[in-house]
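Q: Please take a close look at one part of this model, the aromatic pair and the surface around it. What do the computed values say about it?

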Amino acid sequence: TAQPDPIEIQRQHEIQRRAVARRRAKAQQRTGTPHPVEGRIHTEVQTELYLEELSDRIEEVDVDTQTDAFLDKPQTPLFIPGKTGKDVATQIEEGELFDFDIEVKPVLEVLVGKTIEQALLEVMEEEELANLRALQRDFEELRNAELAEVQRMEEKERRHREEKKRRMAQQQGVLKKEKDTSDKIAARAFAQTYLADLIPTVFSTLRDNGYFYDPVERDVEKVFLPWLMEKVKKSIEKRILGRTLLDIILRNVVNNRNQAFAEMKS
């Protein structure tokens with residue numbers, strides 16, 4: 001069988017190592033999420049089209065089976081094909097095929113060059129990652145400074161707003177007191193002006209309407225005259241009742257006489 005070429009093997013190993021280093025560099029170059037501000041936390045959110053339930057415990061199922069007892073299969077003997085053909089040998093002297101020092105020089109140049117190139121790439125990647133970390137650190141410091149400035153400005157605006165409300169309320173209270181005072185003064189002046197001629201008018205009106213009266217005359221009108229009218233009314237009612245009863249008696253007598261006279265004629 002042909003022996004594998006060591007240069008080809010070395011080249012495949014170099015390609016694999018380079019691919020691993022490239023993937024590691026890409027993973028390190030990916031900028032991470034900045035740390036949350038004080039008082040907040042990051043939360044993982046699913047962004048897939050179909051949500052799936054996340055569970056730390058893996059579903060487990062116990063399954064039992066019983067197999068028949070079989071004897072172990074004996075080991076298959078190694079197959080050795082029969083020898084065919086003729087053995088031929090040759091003698092190669094030193095230096096006839098190749099000179100190791102001359103032939104190994106290109107291989108060493110390739111290996112050393114690739115090693116130096118990979119080392120330079122790794123150094124550049126480390127420098128780039130350091131720059132990215134420095135940029136991220138500067139960004140976080142700038143963000144924290146801006147956040148502190150925003151909070152300071154919000155607090156200042158809140159104090160100004162509260163002071164403005166307090167001043168407006170105070171000014172409104174002063175205006176209200178001035179308005180109440182002016183209204184009271186105007187009301188008092190109007191009341192004095194209105195009441196100047198009101199008392200004589202009230203007394204004259206009450207006198208005309210009979211609120212100021214003579215006690216004797218009032219007693220005669222409210223007590224004596226109603227009592228006298230009630231007595232006269234009762235006396236008249238008694239007279240009317242006597243006349244009514246007399247008319248009824250006379251009517252009954254006349255009817256009885258007429259009926260007796262009619263019976264006498266018949």
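A: A residue is called buried under 20% relative accessible area, exposed over 50%, and partly exposed in between. The model is predicted, and every value below is computed from it.

F224 has 41% relative accessibility, so F224 counts as partly exposed. W227 has 48% relative accessibility and therefore also counts as partly exposed.

W227 is part of helix α4, which runs over residues 215–265. F224 lies in helix α4 as well, and the two residues are 3 residues apart, about one turn of the helix.

A pair of aromatic rings is described by the distance of the centres and the angle of the planes. A search of the whole structure finds 1 aromatic pair. That pair is F224 with W227, at 6.2 Å centre to centre and with 35 degrees between the planes. Planes under 30 degrees apart count as stacked and those over 60 as edge-to-face, with the rest tilted, so the pair of F224 and W227 is tilted.

Both residues also belong to a nonpolar surface patch of about 790 Å². The other members of this patch are V216, V220, L225, L228, V232, I236 and I240. Patches take in residues with over 30% relative accessible area and no salt bridge; F224, at 41%, is partly exposed, and W227 is partly exposed at 48%.

In short, F224 and W227 form a tilted aromatic pair, lie about one turn apart in helix α4, and help to make a nonpolar surface patch.

Definitions and conventions. Residues numbered from 1 in each chain as written. Predicted model: local features only at pLDDT ≥ 70, side-chain atom pairs only at ≥ 80, totals over all residues. Heavy atoms only, no water. Patch = residues over 30% accessible without salt bridge, like charges linked within 9 Å, V, L, I, M, F, W, Y side chains within 5 Å. Areas by Shrake-Rupley, 256 points an atom, 1.4 Å probe, with all protein chains shown as cover. Salt bridge = Lys/Arg side-chain N within 4 Å of Asp/Glu carboxyl O. Helix = DSSP H or I, 4+ residues; strand = E, 2+ residues; numbered from the N terminus. Buried < 20%, exposed > 50% of the residue type's maximum accessible area, 1.4 Å probe, protein only. Phe/Tyr/Trp six-rings, centres within 6.5 Å; stacked < 30°, edge-to-face > 60°.
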